[in-house]
Structure formats: C-alpha cells, structure tokens
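Hi everyone, thanks for coming. Please have the viewer open on your screens, and stop me whenever you like.

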Amino acid sequence: PAGRCRRRPLPALVLISCSPQMLAAQTPGETAATEPERPVSPTRSEVGSDFWDPPCRVCKLVDNEPNVLCELCNGAYHLACIANIRPPLPRSPDDEEWFCRACIKRGVPEEIIDRVGRYSSAFYLVKWLGKPRWDVSWEDAATLDTLWSRRLIAAFISSE
C-alpha cells in the first residue's frame, strides 16, 4: 500500500581489514592475511632507566642515534632522518633553536616587530619563521600563548 514502508533484509557485511586482536580471536578453521612485521622499539625496561630517548617521529625507532628535539612540540628526530629532508628546513639542527616541519607549517613566530595595546588585549606584529621578511601579520596575545612566543614577547618588551 502507498505510504507504508517495507522492510528489506540488509546485505551481508564484508570485513575489509581487522586488528591484530581480531586475528588472535579467530576460530582455528579461519584464515586471514597478517600484516607485515614492523620494527619494534625496545621498551624502557630493555633500554634501562639511565638512558631513554623518545621514538623518532620519522622512523619511529628508539636507539642510540643522535637526535634533536623540536622547541615547540618536543618531538624527537634522528639527525640522519632529517638530513635529507627536501626542501631543507629554515633552521639547522646545529642552531640554538630547532623546529620540525609540522610546527613550521602551523606557524612559528621568528620575531616580534611591533605591539599595539598591553597585556592580554595586546596585538603583535609577527614575522614568521620560513616566510619572507615582508610576510607579517597582526596576532592577538591568545594566539601567541606558547612558551616560545612568550620568550619573544618578553625580549621585545625589554628592548622597548
């Protein structure tokens, strides 16, 4: 009849992928493709409590290779993993401060050029790291509320 809905059976669901826990829970007669093994980082107990580096954000390994930490996100990167990044990052790992590509994309203030207002209602003219000198913007204090930005703001205020 018109105006009434008929129930139809749902089509069978197809399992496209599954987690390792689901693979372990299969019955003995079932078969499934397993994922290729990835290198496993050692645990803190295997490395020891005297020395512990966070895993590299590029290769995801923990080892004794030299690394550098991003000033903003504290992400660890092996020097060998970032050596071949193209285009090169605006700062070298040998510099006093170093920033990863993800933080540079989000925006890292390089210099505070001017200020209008005071305290939390202030606006700052910011030159951004990795951008041309003329590419500046006005930002409010809340946007610049990071430890790195606070250092730049304090340096700017002390130089006024």
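Let's start with leucine 89, in this predicted model. Is leucine 89 buried or exposed? Its relative accessibility is 16%, and the cut-off for buried is under 20%, so leucine 89 counts as buried. You will find leucine 89 in the loop between α3 (79-82) and α4 (101-106). Which residues does leucine 89 contact, once we leave aside its neighbours within four places in sequence? They are Trp98, Phe99, Arg101 and Ile104. Also have a look at cysteine 100: it sits eleven residues from leucine 89 along the chain, and the two C-alpha atoms are separated by 7.8 Å.

While we're in that loop, find proline 87, which is placed between α3 and α4 as well. The peptide bond leading from arginine 86 to proline 87 is cis, and its omega is near -10°.

Now let's step back to the whole chain. How many helices and strands does the protein chain have? There are five helices and five strands. Reading from the N terminus, the order is α-α-β-β-α-α-β-β-β-α. Of the 160 residues in the chain, 23% are buried. And if you take the contacts with a separation of 6 or more, 26% of them are between residues 24 or more positions apart.

Next, strand β2, residues 76-78, where histidine 78 has its place. Histidine 78 has 6% relative accessibility, so it counts as buried. What is around it? Leaving aside neighbours within four places in sequence, histidine 78 is in contact with Cys56, Cys59, Leu61, Asp63, Glu65, Pro66 and Asn67.

Go from there to the loop between β1 (67-69) and β2, and you meet asparagine 74. Asparagine 74 has a phi near 60°, which is a positive value in a residue other than glycine. With 52% relative accessibility, asparagine 74 counts as exposed. Another residue of this kind is tyrosine 119, whose phi is near 55°, again positive and again not a glycine. Tyrosine 119 is in the loop between β3 and β4, and at 71% relative accessibility it counts as exposed.

That brings us to the strands on either side of that loop. Glutamate 111 is in strand β3, and with 32% relative accessibility it counts as partly exposed. Not counting residues up to four places away in sequence, glutamate 111 touches Leu125, Val126, Lys127, Arg133 and Leu152. Its C-alpha lies 9.9 Å from that of tyrosine 124, which is 13 residues away in sequence.

Over in strand β4 we have phenylalanine 123. Phenylalanine 123 is partly exposed too, with a relative accessible area of 41%. How far apart in space are phenylalanine 123 and tryptophan 138, C-alpha to C-alpha? The distance is 6.2 Å, although they are 15 residues apart in sequence. Tryptophan 138 is also one of the contacts of phenylalanine 123, and the others, beyond neighbours within four places, are Asp114, Arg115, Val116, Glu139 and Asp140.

Now for helix α5, residues 147-159, and a little arithmetic. At 1.5 Å a residue, its 13 residues should span 18 Å, and the C-alpha atoms at its ends are 19 Å apart, which agrees. In case you wondered about the sum, the expected span uses one less than the number of residues.

Which residues of α5 are buried? They are Trp148, Ser149, Leu152, Ile153 and Phe156. If you look down the axis of α5, these buried residues fall within an arc of 135°, so they line one face of the helix. The face turned away from that buried side carries the exposed residues Leu147 and Ser158. And what covers the buried residues of α5? The cover includes β3 (109-116) and β4 (123-128).

Last stop, the largest pocket. About 160 Å³ of space lies in it. Its lining includes Leu72, Cys73, Cys103 and Arg106, then Gly107, Val108 and Pro109, and further along Trp128, Thr143, Leu144, Thr146 and Ser149. Ser149 is a residue we just met, among the buried ones in α5. What does the lining look like by class? It has seven nonpolar, four polar and one charged residues.

That's my tour. Thanks for listening, and I'm happy to take questions.

Key: Residues are numbered from 1 along each chain as its sequence is written. This is a predicted model: local features need pLDDT of at least 70, side-chain atom pairs count only at pLDDT 80 or more; totals for chains, interfaces and linings use all residues. Side-chain values use heavy atoms; hydrogens and water are left out. On a 1 Å grid over the protein atoms alone, a cavity is a set of points where a 1.4 Å probe fits but cannot get out, and a pocket is an open set with protein on both sides within 12 Å along at least five of seven lines; lining residues have an atom within 4 Å of a point. Grid points are joined across faces, edges and corners, and a volume is the space filled by probe spheres set on the points. Ala, Val, Leu, Ile, Met, Phe, Trp, Tyr, Cys and Pro count as nonpolar, Asp, Glu, Lys and Arg as charged, and the others, Gly among them, as polar. Helices (H or I, at least four residues) and strands (E, at least two) are DSSP runs, numbered from the N terminus. Buried means under 20% relative accessible area, exposed over 50%, partly exposed in between (1.4 Å probe, protein chains only). The arc is that of the directions from the helix axis to the C-beta atoms. Contact means heavy atoms within 4.5 Å.
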